[in-house]
Amino acid sequence: MKIGVALPAQVAGVTRKDVLGFAERAERRGLDTVWVLDRLVYESLAPLPLLAAAAAVTERVRLGTSILLATLWNPMLLAKEVASIQRLSDGRLILGMAVGARESDFQAVGVSMKQRRQRLEETVALVRQAAAGQAVDHQGQAFQVRVGPGALPATPAPPIWLGGFVADAVRRAVRLGDGFILGGRGPEYARETVPQVRKAAAQAGRHVNSFSNAALCYGCFGSSAEGAVQTMSDYIQGYYGRLIFDPRKGSICGGVAEGVARLKEYAALDVDTLVVVPVTRDPEQVDRLAEAVAAFREAK
């Protein structure tokens, strides 16, 4: 199982030092990936500039969006950003995308939520073509685009992983994407969803080794498990407006031992990429995660 960390872009007061420190530590401590989340109407940093910054201070780790609200974008502008990050990172990008669920985000950019599924489907195709430097002649329901070859920096198109919380999202990911990303609702949600993803992929003729199954898991490492649970609860309630899981069962709260136990739980569920999302900007979150990853791998 590949294990990575999200940059603390959604944490209040986050700074340049915080995000670059997380990326540099992830690289130095042997984590596999660095990720960014996305939310428009929120006091958070934008995901794609963060990945470009992370690309500049790393050489090895893969860089991913989990998950980019692609339906809010013009697909050609998005393709330009994607191609640029691919070039700057020497092809380390994983492009995770979803339809989005918060009406306030769509209102802010003047896009109707009713068209979001069609926008995502067309965006997947357009980004793949345009980011690879191909000519585009697309006359769809959501977008009409015509550009010649070489309009954007030609790069290998990144793998596209799609996500969501409903059965339609799984089917769409299997049909259009290279992987599926489960949201951070804890192992119980993964236990229900991973078999659905694997079954849908098999029915579509997708080989298990060519279709990725990723999951998010929120984390808060601290000397006191109860203190970590309280920090986690406060963050989740502030971000979602409610608790979407029991922090004791659905996230990492505590020390390295709790981290190892949760990693083992996800590995047993056939998740091949786990993204741990810290809820504080303390850089030692990366160090404690790296210690848990090392202990987890030694115990295998």
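**Figure 1. Surroundings of Val136 in the predicted model.** Apart from neighbours within four places in sequence, Val136 is in contact with Leu126, Gln129, Ala130, Val145, Arg146 and Val147. Val136 belongs to strand 5. The residue counts as buried because its relative accessible area is 1%, and the cut-off for buried is under 20%. Met76 lies 60 residues from Val136 along the chain, and the C-alpha atoms of the two are separated by 9.8 Å.

**Figure 2. The hairpin of strands 5 and 6.** Strand 5 covers residues 136-139 and strand 6 covers residues 144-147. The two strands run antiparallel and are joined by four bridges. The connection from strand 5 to strand 6 is a hairpin of four residues. Within the pair, His138 stands opposite Val145 of strand 6. Val145 is also one of the residues in contact with Val136. In a regular strand, side chains alternate between the two faces of the sheet.

**Figure 3. Surroundings of Val34 in strand 2.** Strand 2 is made up of residues 33-36, with Val34 among them. Val34 has a relative accessible area of 0% and is therefore buried. Leaving aside neighbours within four places in sequence, the contacts of Val34 are Val5, Leu7, Ala23, Ala26, Leu51, Val61, Arg62, Leu63 and Gly64. Gly4 is 30 residues away from Val34 along the chain, with 5.5 Å between the C-alpha atoms of the two.

**Figure 4. The cis peptide bond between Ser66 and Ile67.** The bond from Ser66 to Ile67 is cis, and its omega is near 10°. Ile67 is located in strand 3, which comprises residues 62-69. Arg62, Leu63 and Gly64 are among the contacts of Val34 shown in the preceding figure.

**Figure 5. Asp90, a residue with positive phi.** Asp90 is not a glycine, and its phi is positive, near 60°. The loop that holds Asp90 lies between helix 3 (75-88) and strand 4 (93-98). Asp90 has a relative accessible area of 66% and so is exposed, the cut-off for exposed being over 50%.

**Figure 6. Asp270, a residue with positive phi.** The phi of Asp270 is near 70°, again a positive value in a residue other than glycine. Asp270 sits in the loop between helix 10 (256-268) and strand 11 (273-278). Its relative accessible area is 40%, so Asp270 is partly exposed.

**Figure 7. The whole protein chain, for orientation of the close-ups.** The chain contains eleven helices and eleven strands. Its radius of gyration is 19 Å, which agrees with the value near 19 Å for a compact globule of 300 residues. Along the principal axes, the C-alpha atoms fill a box of roughly 55 × 40 × 35 Å. Of the 300 residues, 54% are buried. Contacts between residues at least 6 apart in sequence join residues at least 24 apart in 71% of cases. The accessible surface is about 12,900 Å², and carbon and sulfur atoms account for 50% of that surface. The chain carries 36 positive and 30 negative charges, whose mean positions are 4 Å apart.

How values were computed: Residues are numbered from 1 along each chain as its sequence is written. This is a predicted model: local features need pLDDT of at least 70, side-chain atom pairs count only at pLDDT 80 or more; totals for chains, interfaces and linings use all residues. Side-chain values use heavy atoms; hydrogens and water are left out. The radius of gyration is taken over C-alpha atoms; the globule rule is 2.2 Å times the number of residues to the power 0.38. Buried means under 20% relative accessible area, exposed over 50%, partly exposed in between (1.4 Å probe, protein chains only). Contact means heavy atoms within 4.5 Å. Accessible areas come from the Shrake-Rupley method with a 1.4 Å probe; for residues, only the protein chains shown count as cover. Lys and Arg count as positive and Asp and Glu as negative; His and the chain ends are not counted. The place of a charge is taken as NZ of Lys, CZ of Arg, CG of Asp or CD of Glu. Two strands pair if DSSP finds at least two bridges between them.
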